[in-house]
Structure formats: C-alpha cells, structure tokens
Amino acid sequence: MVDSPDSPERAFEDVFYPADRVSFIDWREISGAKPAVAVVGIVTILSFVTGLSNLSQLTVPTDGPVAAILPAAEIFVRFGGVLFAFLLGIITVGLSRRKRLAWRAAVVTLPLLLLLPLVSLQPRDFPLMLAIIASYPLLLANRDSFDQRIELSPLQIAALFSFVGVGIYGTVGSYGLRDQFLELETWGDAVYYVIVTIATVGYGDITPLTPEAQLFSLSIILLGTGAFTVAVGTLIGPAIESRMAAAFGNMTASELTLLEDHVVVLGYGDVTESLLEEVAPDADVVVVTPDAATASDLKDEEVNVLTEDPTDESVLEDAQISDARGVVVSGPDDGRDALAIIAVRNVDPDVRIVAAANEAKHTKKLAGVGADAVINPRAIGGRLLGQSVLGDLKSITAADLVVESDAVVSNPDSPDTPPEANTQTDSDDRQ
Amino acid sequence: MSTQHTHSLEATVASLLIPLFLLSGIAVLSAFFFPTFVGEAVTGRAWLAIALIFFISGLGYLSLLPYADGDDDSESPVLLTIRRERLRTATTSFLAHHRPEGLILVVVVFLVYLLAQLIIPAPTTRAVSAAADTVLSVGGPVVAGIILLAVLYCLLLLLGPWGAVTLGGPEDEPAYTYPIYVTLIFTAGIAAGIVFWGPAEALFHYSAPPPAIGAAPESAGAIDGALTYSLFHWGISAWSAYAVLGVPIAYYVFVRDAPLRVSAILVPIFGAAAADTPWGRLVDTLAVFATIGGIATSIALVSEQFLAGISFQWGVTTGAIGPALFILALTLIYVLSCITGIHRGIRRIAVLTVVLFVAFGLLVVAVGPRPFLIERSAGAIGSYLAGFVPLSVYTGDGSGWVAAWTYWNWLWWFSWAPFAGVFIAAISRGRTIRTVVFTSVIATAGATMVWFLLLGGTSLHAQHTGRADILGAVNDAGGSEAIVGFQLLSSLPLGELFIFLFLGLIIVFMVTSAGVSTLVTSIIATRPGVAPSTVDIVFWGGFQGIVALSVLFVGGAETLQSIAVLTGGPFALLALVAMAAFLWTLWKSERGHTSIVRQAYDALPKIQLHHDFDNEER
C-alpha cells in the first residue's frame with residue numbers, strides 16, 4: 001500500500017517523514033469560515049458563562065483599564081456578558097448560514113464585548129478575551145465567505161418597518177406627552193412604557209392621565225401589538241415551514257446552499273450502497289433519486305437526499321453541482337444515466353463526472369455523452385471471479401477498468417474521485 | 001483493509017474521547033468560573049481525576065485528528081498497521097523486531113534493580129548512591145570539561161566552514177518548515193527543566209549562594225549570582241550536549257546512509273555497518289538505558305510537581321494513588337501521541353506547548369516586576385557572558401556544591417542526549433549543519449534562558465521584597481522544590497489563571513519529550529532497518545512509565561538522581577568520541593566550504609562599491 005523505502009536502512013524515514021511537508025500549523029485547517037463560526041460560537045458560550053459568573057458575585061470587580069472611562073461600568077459587567085451572549089447566539093446562527101448581515105453584526109459586536117473583560121479584568125475573563133481576539137482576524141480573513149444576503153419578502157419588510165415605526169412613534173409621542181402621564185419623565189421611561197405596552201404586559205406604573213394621552217396609548221396598543229404579531233409571524237413562520245419540509249425527507253434550501261466540495265450521486269443503483277460507504281467518511285454526499293422509498297431509507301441512515309429527478313437541470317443546480325468535487329452517475333438504467341450526464345454537462349461543463357455502466361456495451365456511450373470516466377462494475381466482478389477460480393489473483397489497476405474520455409487525459413489536475421479509490425480497495429482485498 | 005480497520009479503531013477511540021473531554025471540560029470550566037459553588041460540591045481527589053481526564057481526552061483527541069495534508073495512505077502507515085491478528089503473531093513480530101540485548105538485557109537489568117530495591121532497599125540505595133557519588137566526584141570535572149569542549153565545538157560548526165555542509169543529498173529539501181523544526185527540537189529537548197526548575201533554581205541559589213559567587217545568603221548580591229548560575233546551568237552549555245551527538249548522527253545517516261541510531265557516531269571508526277558491531281550494539285543499548293533513566297527522572301519530578309500543584313490549589317493529599325494515576329495518564333497521552341505519528345500527535349502537542357509557553361511568558365511580563373526583571377536580566381546576561389569560561393572550569397571549594405548542582409545537571413542532560421540527539425538528527429534531513437547547530441543550541445538555549453530569567457527573576461523579586469515567602473513555604477513542605485512554582489504564581493495578579501496554565505504546561509512539556517523519547521527508543525531498541533510497529537511503541541512507552549513509577553515508589557528522589565547520573569555518564573564520554581570522530585570525517589571529506597566569517601568578509605567590498613557609487617552620483 002505504501003511505497004517501500006529504497007533500502008531497509010531507510011525504514012525510519014516512514015516514521016519521521018510521513019508527509020512531504022510538515023508545518024507548524026496547517027493554516028487551512030484552522031483559518032476557514034467554519035473555524036471562524038466555531039470560534040464565534042465559543043465566544044458566545046464563554047460570554048454567557050463569564051456573564052453568569054459575574055452575576056453570581058455579590059460585588060462585581062472593576063479593576064480593568066477601561067472601567068474609569070466607561071459610564072455605568074458595574075452594570076455593564078454584571079449584565080453585559082449574558083445579554084451579549086444572546087445577541088451573539090443569533091449572530092452565530094446567521095454566520096453558520098454564511099449571512100452577510102450576521103458578519104457585519106459580529107464585526108461590530110465583538111469589539112464591544114471586548115470591553116467587558118477590559119473593565120473587570122479578572123482571571124476568569126481571560127478565556128473570553130483570548131477567544132474574542134482569536135475570532136476577529138478569522139472573521140476578517142473570511143469576509144468573502146459570508147456572502148449570503150438575507151432575503152426578506154415584502155410582507156416581512158413591511159412588518160419589520162411598521163414594528164420599528166410604531167416603536168419610534170410611541171417613544172417620541174409619549175415623551176412629548178410626558179406632562180400628561182403619571183411618572184413618565186425621561187427618554188428611558190418612554191422606551192420602557194412603549195415596550196411594556198406593546199408586549200401587552202402593562203404594569204400600570206406609568207399611566208395616561210388625559211384623554212389625549214389615553215387615545216395615544218390606545219393607538220400604540222393597537223398598532224404596536226398588531227405590528228409585533230405580524231412581525232413575529234412573518235419572520236418565524238417560514239423557518240418553521242422549512243423545518244417541516246426537512247422532516248419529510250428533503251434537504252432544506254439553506255442546507256443545500258452550504259454544500260461545497262461534496263460528491264453528488266445521481267440515481268440509486270446496485271453499487272450505490274458500497275459507493276456511499278467508501279465516500280461518506282471523506283466527503284459530504286448528496287444522493288438525488290426519484291424513488292421516495294429509497295430516499296426515506298437513506299434519510300434514516302443520515303445520508304443527505306433530494307427526492308427529485310436527477311435528469312432535471314434545476315434539481316442539479318439545487319444540489320450545488322458547480323461547487324461539487326465530483327458527480328457519480330450510478331442509476332439502475334443506463335438510458336436515464338445518459339440523460340443525467342447530459343443534464344450535468346448543461347449545468348456545469350467542467351465538473352468531473354464518473355459513471356457506472358450497467359452493461360458493457362454502454363460504456364463508450366456514457367463516455368461519449370460527457371462522463372470523464374466510466375466503470376463497468378460487472379466486468380470487474382467477472383474478471384475477479386475468473387482470476388479467483390484459477391487461483392491467480394492479479395492486481396487490477398485502475399487503468400484496466402476505467403474508460404477515460406479524452407477530456408480527462410488532457411486535464412491532469414482533475415481531483416481523484418471515489419470510484420478509483422473503490423477499485424484500489426478491491427485490489428487490496430485480496431491480501 | 002488494515003488502514004480501514006485502523007481508521008475505524010481511531011474513530012471509535014476519538015468518539016469516546018469527545019464526551020469525556022466535554023464533560024471534564026465543563027467541570028474544569030465551572031470550577032474556573034464558579035469557584036464558590038463548585039468548590040463545595042467537588043472534593044480535591046475528584047479534582048485530580050477530573051483534571052487528568054480533561055488532559056487525557058483533550059490531548060488524545062488532538063492526536064487522533066486526521067492529518068489534512070496529503071492522502072490517507074500517507075498517514076504513518078507503518079505505525080498504524082494494527083491487523084486483526086492473533087496475539088501470538090503480534091508477539092512474534094515484536095520479538096523479531098528486537099535484538100536480544102536491546103530488549104531482554106534492558107528489561108532484565110531494570111527488573112533486577114527494582115527487585116533489589118524491593119528486597120534489600122538499604123544496600124541497593126547505598127550502592128547506587130555511592131556509584132553516582134563516585135561518578136560525580138571523580139568524573140565530574142571531566143564532564144564539565146566535555147561540556148565546555150562541546151560548546152567550543154558547536155561554535156566551530158556554527159562559524160566555521162563546515163557549517164555549510166548539507167545533511168542529505170542535493171535533492172533533499174527540509175520537510176519540516178522552520179517554525180515546526182524549532183518547536184519540535186525545543187519541546188522534545190526540555191521538559192521538567194522548564195516547569196520544575198524554571199521558578200525554583202534561581203531561588204535556591206539565592207538562599208544558598210554557589211561558592212563561585214560568594215555572596216551572603218538572601219542578599220541583594222546573591223540575586224545576580226543566582227540568575228547567572230541559572231543561565232549557566234540551562235543555557236548554551238546544556239543544549240550543546242544534544243548537538244554534539246545530533247549533528248554527527250545526522251551526517252552519517254543522511255550523507256553516509258547509516259541506519260538512524262546512536263551508534264551512527266561510530267561510523268568513522270567501524271565503517272557503515274557500525275550498528276552491527278559489538279561496540280555499536282553496546283552504544284545503542286546504553287542509549288536505551290540513558291533515555292529510560294533520564295525520562296524516568298523527569299517524569300517522576302513533574303509528577304511530584306503536578307500533585308504539589310493539585311494539593312496547593314485544592315488542599316488535598318493523594319497518597320500513593322496520586323503519582324500512579326498521574327503517570328498512568330501521562331503514559332496514555334504520550335503513547336497515543338507517539339502512535340499517531342510525529343506529524344499528528346507529537347506535532348500538535350508540541351505546537352500547543354509552544355503557544356502555551358509563549359502566552360505564559362507574555363503574561364508574566366505583563367504582570368511581573370518589569371523594571372526589576374529588565375535590570376537584573378541585563379546584569380545576569382552580562383555576567384553570564386563574561387564569566388562563562390571561569391564558571392565552566394570552576395571545580396568548587398570542596399563543599400560538594402558543584403558536584404551536587406553543576407555536574408549532576410550536566411549528566412542529566414547527557415542522559416537525554418542520546419534520544420534528543422537522534423531526534424534532532426532524524427528531522428534535520430536537508431538542513432545545513434549551521435542551521436542545525438543554530439537551532440538546537442542558540443535558539444533553544446535562548447528560549448530557555450529567557451524563561452529562566454522571567455520566572456527566576458519574578459520569584460527572586462517576590463522573595464526579596466517579601467511579597468511572598470516562597471522559601472519559607474518550601475521549608476514548611478519539607479524542602480520540596482515542587483511547590484515553588486505554585487507559591488510564586490499565586491502571589492502574582494491573576495494567580496489562579498497562572499496556576500491553571502502552569503498545570504497544563506507541566507503536562508504538555510512532559511508529553512512532548514516522553515513521546516519523542518518513546519519513538520526514538522522504539523527505533524534504537526529494534527533492529528536496524530525495521531520501522532517500529534504500534535506494539536513496539538506501546539511496549540517502550542509503557543516500559544518508560546513503569547520504570548518511572550516503580551523508581552518513584554521504591555527509591556524516591558535520591559535514587560532518581562543517581563540513575564540519571566549513572567545512565568548519563570557513558571554519554572559524556574561518547575560525546576567526546578563523537579566529536580573527535582566527526583571532526584576527523586569533516587577534515588577528510590568536507591573540504592572547500594566557506595566559513596560564515598569568510599562569507600561576511602567577502603560580502604564587504606560589495607557594500608563599499610555601492611557606497612562609492614552613491615558618492616559618485618552625488
């Protein structure tokens with residue numbers, strides 16, 4: 001399996017030179033968008049725990065350098081951590097969906113959160129501080145990965161605007177009418193009053209005294225609760241709908257947009273199961289099959305499935321074929337496989353396609369419609385059987401089995417695809 | 001097949017480690033963030049278990065992560081070929097890998113020694129101590145002379161023409177990038193020195209000044225002397241001991257195709273097959289002894305220190321079970337790091353070690369007594385440089401101080417030299433001798449000396465200004481050096497954070513050294529040309545742990561020191577042989593290289609021309 005060393009004396013080189021290059025830190029391993037999201041997640045948890053730890057103290061220490069210049073430093077330290085954690089939790093979810101807005105929010109929020117350890121400066125603040133410092137360059141470096149826009153429907157936008165509008169209207173209005181309210185004196189009181197009213201809590205400590213103020217309050221209640229309800233409904237409803245869809249066997253649209261460097265398997269044939277075993281540990285796999293029963297079985301085994309027709313270009317676009325490492329066409333019917341190959345080529349002329357021919361005579365045809373490599377599993381099995389009965393198992397190289405089309409020969413950079421690894425394993429099994 | 005099987009085995013182990021790590025991590029975090037609540041709920045003994053599980057699972061998982069670079073097949077295939085074979089087959093291949101003297105002799109000698117310690121403890125201890133004392137008093141000055149010679153030898157290699165010799169063929173490029181190269185050598189070459197003696201050594205010289213300094217105990221004058229002596233004991237001299245073995249081994253292995261083992265130093269005397277001659281076998285067997293003796297001493301020291309830390313932080317005494325648990329945990333981690341290969345376990349833990357080391361140093365600078373540190377460090381560096389030769393040839397005033405401190409220290413370093421030298425050699429393919437010497441002597445000694453100045457200086461400051469009575473605490477603890485670090489750190493601002501970091505440092509520094517020593521022992525104990533299998537590594541790793549544990553139990557600290565002396569002694573002499581033989585080789589076969597001095601001189605006229613040209617233009 002491994003190149004034997006040139007001479008037995010050099011056996012130690014296997015031990016000390018396991019890779020061509022060993023570096024201090026593999027920056028690719030820790031500098032991608034995923035690590036960035038993970039570190040922000042860690043910041044969120046640490047912020048919550050540090051905040052909770054601060055809350056549990058009788059007196060909050062403010063020994064840090066920033067404490068002197070920050071107003072209300074003690075309140076900030078006491079409640080800041082936990083409140084920031086909730087905000088960051090939402091931001092982390094957004095970041096994991098690669099939302100641009102979440103990225104912007106994170107870039108603004110994290111420096112503010114950094115004030116917290118700088119105010120209190122206790123040993124327990126250091127993990128949070130280090131995590132924030134680590135997360136920031138990661139976020140900046142992966143700026144371009146967070147490019148998903150938040151697409152809101154007109155109704156959602158309207159609901160949001162009316163909600164914000166009612167808030168502003170209520171705050172400014174009640175502050176203007178403060179003479180006609182009991183115990184409403186400052187801007188802070190106005191905000192408090194509006195939120196308590198819109199949320200239909202109504203403590204009753206601030207009360208309108210004149211008919212004008214009462215009418216005004218009624219308008220906030222009607223408009224505000226209305227806008228609040230509509231905003232919640234329109235913003236959260238679609239999320240619930242998409243969860244429902246996911247429960248019925250399809251990947252959600254947001255899950256699909258996150259796929260990259262994955263392997264798309266079109267059709268479910270005899271060899272697909274072994275194929276999944278081989279590929280699944282190394283790459284994300286998406287199986288596209290029209291058969292609902294197969295799809296639900298696969299779903300149970302936690303394989304990503306799209307229950308759609310693999311010969312449909314729009315389905316292939318949903319499966320992010322352009323970002324895929326490769327496409328495997330292995331359906332039970334060579335005719336439909338050929339159509340699927342043509343569909344893939346229509347969507348992306350460059351992606352590597354490997355096909356499994358069910359009959360030997362179709363091998364060349366599948367290569368002809370655009371597959372980069374075609375394998376005939378039955379031929380492999382037959383040859384192994386033959387060699388096995390004669391007691392003369394020779395190694396079968398990948399080249400013996402794969403019909404490579406010209407496109408691949410001229411393109412040496414194309415990445416190794418799973419079927420070749422599969423044949424490799426076959427030859428290993430004889431040991 | 002085998003790879004797949006191993007992968008699934010690794011995946012199983014990794015999936016077991018994750019929940020363990022999370023649970024113990026939550027426990028550690030909550031203790032850190034909510035000391036008052038958790039402190040009441042969990043006892044000190046539980047803390048020892050939780051802390052060990054935390055380190056085992058975290059570092060183990062780190063080791064098991066797959067290597068991203070390159071394809072799957074390159075994942076140290078030899079180390080990981082666990083096949084579904086019978087135990088007998090594994091044993092047979094294990095025995096076939098080893099030479100009888102490399103395996104049976106080593107095991108039998110250690111067993112006999114331990115049995116003697118158990119049955120007739122007093123005479124054995126006396127005999128071993130007497131032998132060690134003789135080595136120290138008679139051989140001590142010789143060892144000091146060899147160390148001084150080694151420093152000069154390294155200077156010659158660094159500045160002289162032979163620095164330009166490349167270790168390997170013309171097509172050999174260094175496979176390790178420079179940062180990881182320094183990191184691996186540094187973390188493999190030192191362990192207990194950093195964490196155990198870093199805060200303590202200067203303090204002891206301060207309370208009982210070395211005769212060469214001649215200042216009154218605990219006086220201001222003793223401060224400079226104490227720092228100077230720490231630098232002397234842990235600086236250039238100490239690290240030269242590795243290079244004088246490592247560079248010749250690397251040369252004979254990569255230029256002359258000798259097998260990678262310590263006996264490669266004998267190639268100029270016995271030819272390329274030196275490893276198969278009786279002398280070569282003797283040297284390799286001695287190297288196994290030295291490595292196990294040296295590492296066992298360090299493991300025992302850090303185990304004492306870690307438990308002192310746990311006891312300091314949570315006020316709990318663990319009895320005999322403490323060291324046993326600690327060494328078991330340590331052994332698990334370093335064997336795992338070693339099995340997963342140098343590019344996975346060992347590399348990642350080494351990186352973690354250096355990151356923690358630098359972060360800790362920066363934190364000490366941030367909260368430590370900066371003006372004091374700068375002033376005293378500058379003074380100590382000055383007197384170290386000025387007094388280097390006098391200190392190196394100083395043989396004492398008859399009080400035995402030099403033997404107890406300096407000579408003992410040199411011999412401890414020599415007991416590490418075989419494995420550290422082989423390791424330096426092994427990863428130096430494609431580098432020039434100058435780079436190897438610069439890295440393994442100047443760069444590593446630089447980092448060590450900065451550490452000793454920082455920690456030693458801070459503890460001297462705390463003691464001298466009376467901010468913390470560390471020496472008093474040491475006396476209360478029965479003269480144990482192990483608690484110095486924790487006493488010091490708790491007196492600093494952010495003390496709790498420092499103690500947490502320090503406990504981590506103790507583990508990772510020891511794991512990196514012990515992992516490398518396991519790997520190297522598995523190579524030099526097996527036949528030339530056999531890559532060690534997982535079974536070999538597990539055996540030698542386990543053996544090191546068992547030796548450390550049993551020596552700690554039956555012998556105690558004194559025996560440990562004697563063992564380091566006795567196993568290190570031969571390598572002081574072998575270093576001399578290696579230096580002479582290698583010089584002979586260089587003289588015969590490596591003419592025509594230019595020294596760095598010559599290069600600098602040659603570069604001068606060009607600068608002048610440039611200067612003249614500028615003038616003309618004007």
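## Helix packing and domains in chain B

In chain B, helices α6(B) and α19(B) lie oblique to each other, because the angle between them is about 135° and angles over 145 would be needed for roughly antiparallel. Keep in mind as you explore that this is a predicted model. Its overall scores are ipTM 0.75 and pTM 0.75. Below you can look at two helix pairs, then at the domains, and finally at the confidence along the chain.

**Helices α6 and α19**

- Helix α6 covers residues 121–159 of chain B and helix α19 covers residues 433–464, and their axes are 8 Å apart.
- The crossing of α6(B) past α19(B) is left-handed.
- On the α6(B) side, the contact is made by B:C154, B:L157 and B:L158.
- Their partners in α19(B) are B:I433, B:R434, B:V437, B:F438 and B:V441.
- Sorted by class, this contact holds seven nonpolar residues, one charged residue and no polar ones.

**Helices α14 and α22**

- Helix α14 (residues 321–339) of chain B packs against helix α22 (residues 495–525) of chain B at an angle of about 55°, with the axes 8 Å apart.
- That angle makes α14(B) oblique to α22(B).
- Here α14(B) passes α22(B) in a right-handed crossing.
- From α14(B), the residues that meet α22(B) are B:L330, B:I333, B:Y334, B:V335, B:S337 and B:C338.
- From α22(B), the residues are B:M510, B:V511, B:A514, B:G515, B:T518 and B:L519.
- This contact divides into nine nonpolar and three polar residues, with no charged ones.

**Domains of chain B**

- The domain assignment splits chain B into domain 1 (1–75), domain 2 (87–159 + 166–587) and domain 3 (590–618).
- The centres of domain 1 and domain 2 of chain B, taken over C-alpha atoms, are 27 Å apart.
- Where these two domains of chain B touch, 17 residues of domain 1 are in contact with 24 residues of domain 2.
- On the domain 1 side, helix α3 (residues 44–64) of chain B gives the most, with 13 residues.
- That side of domain 1 of chain B has twelve nonpolar, three polar and two charged residues.

**Confidence in chain B**

- The average pLDDT of chain B is 85, and 93% of its residues score at least 70.
- Confidence is highest in helix α11 (residues 236–254) of chain B, at a mean of 94, and lowest in helix α25 (residues 596–617) of chain B, at 64.
- Over residues 70–84 of chain B, pLDDT stays under 50, and the model has 34 contacts beyond four places in sequence for this stretch.

Technical notes: Residues numbered from 1 in each chain as written. Chains lettered and ligands numbered in written order. Predicted model: local features only at pLDDT ≥ 70, side-chain atom pairs only at ≥ 80, totals over all residues. Axes fitted to C-alpha atoms, helices over the stretch in contact; angles between N-to-C directions. Helix = DSSP H or I, 4+ residues; strand = E, 2+ residues; numbered from the N terminus. Parallel < 35°, antiparallel > 145°, perpendicular 65-115°, else oblique. Left-handed = near helix turned anticlockwise from the far one by under 90°. Contact = placed C-beta atoms within 7 Å. Nonpolar A, V, L, I, M, F, W, Y, C, P; charged D, E, K, R; others polar. Domains from an automatic or database assignment. pLDDT = per-residue confidence, 0-100.
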